[in-house]
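Student: Could you take me through one part of this model at close range? I would like to see how its pieces fit together, residue by residue.

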Amino acid sequence: AKTDMRFLEAVYKVLREEFGYLPQLRVDQFFVDGFVERKVILVHDVLKLASRRHLDLRRQQKKANPSESRPGSALGTRRPPPTARLSLDDTATRASTASSTL
């Protein structure tokens with residue numbers, strides 16, 4: 001339980017210093033029964049803050065490196081080559097062609 005407490009203290013420190021967020025729930029209250037609504041509100045707020053920060057950083061990255069903002073270049077992800085992509089129509093055509101040759 002002590003490591004959980006230390007982890008949550010570190011999370012609270014990041015929330016205060018990096019996000020300017022002051023949780024309405026103390027660290028010791030987080031580990032006791034009760035305060036369910038406040039715990040849910042805290043988790044919701046943290047998710048919103050993280051999501052906003054992520055979007056802000058993505059916008060800054062795109063402004064700084066416009067050539068790297070092409071679709072499929074983020075985080076090393078790539079689109080499959082055009083020949084590998086099939087539409088629903090192509091799939092149906094191939095299925096009917098395969099069944100007619102049997």
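Tutor: Let's start with glutamine 29, which, setting aside neighbours within four places in sequence, is in contact with Gln24, Phe35 and Lys39. Bear in mind that this is a predicted model. Glutamine 29 belongs to helix α2, residues 27–30. Its relative accessibility is 14%, and because buried means under 20%, glutamine 29 counts as buried.

One of those contacts, Lys39, leads us on to a ring. Lysine 39 lies over the face of phenylalanine 30, at 5.8 Å from the ring centre. Phenylalanine 30 itself is partly exposed, with a relative accessible area of 23%. Phenylalanine 31 is also partly exposed, at 40% relative accessibility. How do the rings of phenylalanine 30 and phenylalanine 31 sit with respect to each other? The count of aromatic pairs comes to one. In it, the ring centres of phenylalanine 30 and phenylalanine 31 are 5.7 Å apart and the planes make an angle of 80°; planes over 60 degrees apart count as edge-to-face, so that is what this pair is.

Now for the nonpolar side of the story. The largest nonpolar core has eight residues: Leu8, Tyr12, Leu15, Tyr21, Leu25, Val27, Leu42 and Leu49. Both α1 (2–19) and α3 (36–64) supply at least two residues of this core, and α1 gives the most, with three. Leucine 49, one of the core residues, is in contact with Leu15, Phe19 and Tyr21, leaving aside neighbours within four places in sequence.

It is worth turning α1 around to view it from both sides. This helix has 18 residues and spans 25 Å from its first C-alpha to its last, close to the 26 Å expected at 1.5 Å a residue. Its buried residues are Leu8, Tyr12 and Leu15. Looking down the axis of α1, you find these buried residues within an arc of 55°, so they line one face of the helix. They pack against α2 and α3. On the face turned away from that buried side, α1 carries the exposed residues Lys2, Thr3, Arg6, Phe7 and Glu17. Just after α1 comes glycine 20, which takes a positive phi of about 65°.

If you go back to the display, try following the trail again: from glutamine 29 to its contact Lys39, from lysine 39 to the ring of phenylalanine 30, and then over to the buried residues of α1, which pack against α2 and α3.

Notes
Residues are numbered from 1 along each chain as its sequence is written. This is a predicted model: local features need pLDDT of at least 70, side-chain atom pairs count only at pLDDT 80 or more; totals for chains, interfaces and linings use all residues. Side-chain values use heavy atoms; hydrogens and water are left out. Rings of Phe, Tyr and Trp (its six-membered ring) pair if their centres lie within 6.5 Å; planes under 30 degrees apart count as stacked, over 60 as edge-to-face and the rest as tilted. Buried means under 20% relative accessible area, exposed over 50%, partly exposed in between (1.4 Å probe, protein chains only). A charge sits over a ring if NZ of Lys or CZ of Arg is within 6 Å of the ring centre and within 35 degrees of the ring normal. Helices (H or I, at least four residues) and strands (E, at least two) are DSSP runs, numbered from the N terminus. Contact means heavy atoms within 4.5 Å. A nonpolar core is a set of buried Ala, Val, Leu, Ile, Met, Phe, Trp, Tyr and Cys residues joined through side-chain atoms within 4.5 Å. The expected span of a helix is 1.5 Å times one less than its number of residues. The arc is that of the directions from the helix axis to the C-beta atoms.
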